[in-house]
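Hi,

Here is the structure I promised to hand over. Have a look at it first, and then read on for what turned up in it.

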Amino acid sequence: MSSLGSIFSRGPAPMLGIDVSSSSVKLVELGQTRSGDLVLERCAIEPLERGWINDGNIEKFDEVVEAVRRVVRKSGSKTKNVAMALPASAVITKKIILPGGLSDQELELQVESEANQYIPFSLDEVSLDFCVVGPSANSMGDVEVLIAASRKEKVSDRQGLAEAAGLKPVVMDVESYASRMAAGRVIETLPNQGMDSLVALFEVGALTTSMQVIRNEDVLYERDQAFGGAQLTQLIVRQYGFSPDEAESKKRSGDLPEDYKTAVLEPFIESMAQEVARALQFFFTSTPHNKVDHILMAGGSASLPGLTEAVTHQTSFACQVINPFDAMDMASTVHARKISREAPSYLTATGLAMRRFYE
């Protein structure tokens with residue numbers, strides 16, 4: 001069976017988590033204390049130019065390879081093993097029920113047989129992997145198995161990117177799975193350790209905002225909205241006449257005119273809060289639910305001042321920015337103050353780096 005770089009398996013230690021998005025490359029490397037607490041060893045971010053990656057496809061391979069090399073150099077890491085991820089849109093996942101007690105070989109044959117029903121491509125064209133989730137809740141003696149499949153060229157693009165940058169890809173994950181793994185640590189800090197809570201996790205990317213509604217590690221609903229931080233850059237361009245690159249640079253550095261907050265930032269935050277409310281409305285109308293207990297915001301624009309208050313005002317649900325490094329020890333190589341500002345951007349990269357320690 002052609003594996004997605006062993007999508008569900010633990011990578012050998014040590015290992016980098018590298019998240020390649022449409023706007024940047026993020027790197028996280030984690031260690032562990034003797035008592036099992038996570039340590040943030042290194043992290044770094046390197047921006048990508050617009051158009052280098054579109055809809056998860058690498059359009060400018062050599063340029064993105066160079067950006068990956070730069071982010072590794074910037075981090076100071078000598079680690080070569082890397083966990084990477086595919087966008088959820090590039091992966092078909094399906095939970096199936098199979099008889100318990102099958103050998104690995106029998107499971108593999110059953111998965112291949114079942115996969116034919118759900119995958120609209122020939123199995124020769126896909127990388128296929130599976131993991132046993134646990135006993136079936138509704139069928140005594142059976143087990144629940146999660147299968148994941150992606151076109152081989154999607155997987156080889158990511159693998160080739162890592163190899164061209166001098167790295168060794170050992171885990172290929174799915175972005176939404178990695179972000180959930182990292183968010184799980186934060187959910188455990190909620191009242192009653194987040195048990196039975198409905199948690200809406202929003203990741204605000206450059207072009208897309210993704211929502212996952214999670215309860216007890218199960219995903220009840222997923223949706224992508226075509227809205228993201230790049231729209232703030234466009235508003236800056238329109239308001240002040242900067243070039244897009246200039247606007248992006250000034251947005252990152254905060255070097256903007258005095259009326260930026262009232263003329264540009266506040267209207268953008270209001271729009272983002274409305275998008276969050278709209279996404280939740282889709283969830284409510286397509287499920288039996290009519291509320292969530294917590295909203296968690298991640299991504300580059302999540303830490304914009306006033307966003308959580310605007311979302312709470314718009315939705316009436318408690319909202320907080322997620323810091324995937326909360327309750328981690330920090331190595332001396334990490335600039336804690338600088339990192340706290342960028343932390344929400346590192347959610348997926350942190351989940352990938354956690355694959356070193358978790359199945």
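To start with a small puzzle: does S176 count as buried or exposed? S176 counts as buried, because its relative accessibility is 10% (buried means under 20% relative accessible area, exposed over 50%, and partly exposed in between, with a 1.4 Å probe and protein chains only).

Before going further, some housekeeping. This is a predicted model, in which local features need pLDDT of at least 70 and side-chain atom pairs count only at pLDDT 80 or more, while totals for chains, interfaces and linings use all residues. Residues are numbered from 1 along each chain as its sequence is written, and side-chain values use heavy atoms, with hydrogens and water left out.

Back to S176, which sits in helix α4. Helices (H or I, at least four residues) and strands (E, at least two) are DSSP runs, numbered from the N terminus. Not counting residues up to four places away in sequence, S176 touches A88, Q212 and E222 (contact means heavy atoms within 4.5 Å).

**The second largest pocket**

Helix α4 comes up again here. The second largest pocket has a volume of about 1,300 Å³. A pocket, on a 1 Å grid over the protein atoms alone, is an open set of points where a 1.4 Å probe fits, with protein on both sides within 12 Å along at least five of seven lines; lining residues have an atom within 4 Å of a point. Grid points are joined across faces, edges and corners, and the volume is the space filled by probe spheres set on the points.

Its lining has 40 residues, and Y177, R180, M181, E217 and D218 lie nearest the centre. Which element gives the most to that lining? It's α4, with eight residues. At least two residues each come from β7 (91–99), β8 (126–135), α4 (175–187), β12 and β13 (218–225). By type, the lining divides into 20 nonpolar, eight polar and 12 charged residues (Ala, Val, Leu, Ile, Met, Phe, Trp, Tyr, Cys and Pro count as nonpolar, Asp, Glu, Lys and Arg as charged, and the others, Gly among them, as polar).

**The nonpolar cores**

In soluble globular proteins, nonpolar side chains tend to be buried together. The largest nonpolar core here has 36 residues, and F202, I236, L280, V292, I295 and M297 touch the most other members. A nonpolar core is a set of buried Ala, Val, Leu, Ile, Met, Phe, Trp, Tyr and Cys residues joined through side-chain atoms within 4.5 Å. Two or more residues each come from β11 (199–204), β12 (209–215), α5 (230–240), α7 (260–286), β14 (294–299) and α8 (307–315). The most come from α7, with 12 residues. Apart from this core lies another one of 30 residues, including L16, V20, L27 and A165.

Leaving aside neighbours within four places in sequence, M297 is in contact with ten residues you can pick out on screen, among them F202, V204, M272 and V276. V204 itself is in strand β11 and counts as buried, because its relative accessibility is 3%. With the same neighbours left aside, its contacts include T209, G228, M272, M297 and S301.

**Loops worth a look**

- S345 lies in the loop between α9 (336–342) and α10 (347–354). S345 is buried, because its relative accessible area is 18%. Beyond neighbours within four places in sequence, S345 is in contact with K26, I45, G299 and G300.
- S139 is in the loop between β8 and β9 (142–151) and is partly exposed, with a relative accessible area of 22%. A polar contact of 2.4 Å joins the side chains of S139 and D142 (a pair of N or O atoms within 3.5 Å; within protein, one must be able to donate a hydrogen and the other to accept it, and residues adjacent in sequence count only if both atoms are side-chain atoms).
- Q193 is in the loop between α4 and β11, and D196 has its place in the loop between α4 and β11 too. Neither is a glycine, yet phi is positive: near 55 degrees for Q193 and about 65 degrees for D196. Q193 is exposed at 57% relative accessible area, and D196 is exposed at 53%.

Cheers
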